[in-house]
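Visitor: I would like to go through this structure by asking questions. Please give the reasoning before each result.

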Amino acid sequence: MSSIKVECVLRENCRCGESPVWEEASSSLLFVDISSKKVCRWDSLSKQVQRVTLDAPVSSVALRQAGGYVATVGTKFCALNWKDESAVVLAAVDKDKKNNRFNDGKVDPAGRYFAGTMAEETAPAVLERRQGSLYSLFPDHHVEKYFDQVDVSNGLDWSLDHKTFYYIDSLSYSVDAFDYDLLTGKISNRRSIYKMEKEEHIPDGMCIDTEGKLWVACYNGGRVIRLDPETGKRLQTVKLPVDKTTSCCFGGKDYSEMYVTSARSGVNPQTLLQQPEAGGIFKITGLGVKGIPPYPYAG
Ligand SMILES: O=C(O)[C@H](O)[C@@H](O)[C@H](O)[C@H](O)CO
Ligand SMILES: [Zn+2]
């Protein structure tokens with residue numbers, strides 16, 4: 001008997017909600033609205049939202065060990081001071097690609113901030129292809145580039161033993177794995193561990209659970225799917241009441257709840273009537289599996 005419950009906890013009307021991150025210290029969910037250039041923090045206790053608007057599309061946010069946050073803003077890795085709403089540039093990438101911006105990002109278990117880029121879209125999933133690259137910002141603020149030729153750099157996470165890096169380039173319709181060397185931050189041996197089914201549409205954001213299984217938000221698919229990276233099999237599908245589900249993370253008490261972001265951009269007017277919560281933040285309870293706390297950026 002399933003007791004899975006999906007509820008819209010915040011009707012934020014995000015144009016492109018992304019990068020949900022649980023901040024345990026404040027019982028809050030951080031997320032971004034990329035095209036609105038906003039970082040948001042939803043307090044799960046008071047239900048209040050604080051919003052900080054930056055001067056360029058902000059595609060991911062992460063905790064910072066020193067306090068405050070880091071975010072990918074335009075093509076820059078930035079430190080974000082929440083109180084005075086200021087962003088300080090730590091490093092810039094893709095300087096020769098004026099039409100590029102960062103997309104999804106996440107911190108690795110050693111405190112490096114990984115994020116990839118893409119060409120700006122003219123419509124959802126319509127863009128100049130192979131313009132993106134994957135980077136990471138080390139704690140000393142130097143940047144390493146892993147590879148280029150990326151279409152839409154998206155979901156990423158690490159296995160529980162830190163020996164595998166999982167990565168999604170959305171338009172490949174594949175979830176990939178690499179061997180990961182935590183000590184050096186190097187990746188190698190790329191392979192696909194899951195190919196999307198037609199009705200699952202585009203793989204977007206991703207997170208891992210305490211059993212080492214991957215959860216992938218399916219853009220246009222209105223669902224999150226649970227994958228076994230060892231067997232390459234889909235284990236579970238949880239449907240949401242909006243099509244453009246963009247990313248997911250665990251949070252809440254003991255990381256037993258899942259939070260899912262969504263997008264409103266590109267949803268046509270008729271669909272919006274049936275999906276008024278498009279662009280909202282959803283909470284899934286009763287999954288029976290937990291997540292792990294996000295790693296903070298160590299620099
Ligand atoms: O949310 C993101 O990661 C991108 O910025 C979005 O624009 C969509 O996911 C993309 O269109 C699907 O490929
Ligand atoms: Zn994404």
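Guide: One definition first: a residue is buried if 20 or more other C-beta atoms lie within 10 Å of its own, exposed if 12 or fewer, and partly exposed in between. Please also keep in mind that this is a predicted model.

Visitor: Is S170 buried or exposed?
Guide: S170 sits in the loop between β15 (164–169) and β16 (174–181). Being buried takes 20 or more other C-beta atoms within 10 Å. S170 has 23 of them, so S170 is buried.

Visitor: Which residues does S170 touch, apart from its neighbours within four places in sequence?
Guide: A residue can meet others that are distant in the chain; S170 and G205 are 35 residues apart in sequence, and their C-alpha atoms are 9.1 Å apart in space. With neighbours within four places left aside, the contacts of S170 are D151, V152, N154, I202, P203 and D204.

Visitor: Which residues are the closest to ligand 1?
Guide: The shell around ligand 1 holds 15 residues. Two elements, β10 (100–107) and β18 (202–208), give two or more residues to that shell. The closest residues are P124, A125, V152, S170 and T246.

Visitor: How many residues of that shell around ligand 1 are charged?
Guide: The shell around ligand 1 divides into three classes. There are 7 nonpolar residues and 4 polar ones, and the number of charged residues is 4.

Visitor: What is the largest C-alpha distance among E18, N154 and D204?
Guide: UniProt, in an unreviewed entry, lists E18, N154 and D204 under "binding site". These residues are spread over 187 residues of sequence, but they cluster in space. The largest C-alpha distance among them is 10.1 Å.

Visitor: Is E18 buried or exposed?
Guide: E18 belongs to strand β2 (residues 17–23). Beyond its neighbours within four places in sequence, E18 has contacts that include F31, D104, G205 and T261. E18 has 26 C-beta neighbours inside 10 Å, so E18 counts as buried.

Visitor: How many C-beta neighbours does N154 have inside 10 Å?
Guide: N154 lies in strand β14 (residues 153–158). Outside the four places on either side in sequence, N154 is in contact with N103, D104, I168, D169, S170, P203, D204 and G205. N154 counts as buried, because its number of C-beta neighbours inside 10 Å is 30.

Visitor: Why can R101, N103 and E121 be said to gather at one spot?
Guide: An unreviewed UniProt entry lists R101, N103 and E121 for "binding site". They span 21 residues in sequence. They gather at one spot because no two of their C-alpha atoms are more than 11.1 Å apart.

Visitor: Is R101 buried or exposed?
Guide: R101 is part of strand β10. Not counting residues up to four places away in sequence, R101 touches P57, S59, G74, T75, T117, M118 and E120. With 23 other C-beta atoms within 10 Å, R101 is buried.

Visitor: What exposure class does E121 fall into?
Guide: E121 lies in the loop between β11 (113–119) and β12 (132–137). Its contacts beyond four places in sequence are V126 and L127. There are 18 other C-beta atoms within 10 Å of E121, so E121 is partly exposed.

Visitor: Which residue is the bridge partner of C78 in β9?
Guide: Strands β8 (residues 76–81) and β9 (residues 86–92) run antiparallel and are joined by 6 bridges. Their hairpin has 4 residues between the strands, and E85 there takes a positive phi near 60 degrees. The partner of C78 in β9 is V89.

Visitor: How far apart are the C-alpha atoms of P269 and A87?
Guide: P269 is located in helix α1 (residues 269–274). P269 has 6 other C-beta atoms within 10 Å, so P269 is exposed. P269 and A87 are 182 residues apart along the chain, and their C-alpha atoms are separated by 35 Å.

Visitor: What is the radius of gyration of the protein chain?
Guide: The protein chain has 1 helix and 24 strands. The globule rule gives 19 Å for 299 residues, and the chain comes close to that, so it is as compact as a globular protein of that length; its radius of gyration is 17 Å.

Visitor: What share of the residues is buried?
Guide: The C-alpha atoms fill a box of roughly 50 × 45 × 40 Å along the principal axes. Of the 299 residues in the protein chain, the buried share is 48%.

Note on methods:
Residues are numbered from 1 along each chain as its sequence is written. Chains are lettered from A and ligands numbered from 1 in the order in which they are written. This is a predicted model: local features need pLDDT of at least 70, side-chain atom pairs count only at pLDDT 80 or more; totals for chains, interfaces and linings use all residues. A residue is near a molecule or strand if its C-beta atom, placed from the backbone, lies within 6 Å of it. Ala, Val, Leu, Ile, Met, Phe, Trp, Tyr, Cys and Pro count as nonpolar, Asp, Glu, Lys and Arg as charged, and the others, Gly among them, as polar. UniProt positions are given in the numbering used here, feature names are shortened, and annotations may be inferred rather than shown by experiment. Two residues are in contact if their C-beta atoms, placed from the backbone, lie within 7 Å. Two strands pair if DSSP finds at least two bridges between them. The radius of gyration is taken over C-alpha atoms; the globule rule is 2.2 Å times the number of residues to the power 0.38.
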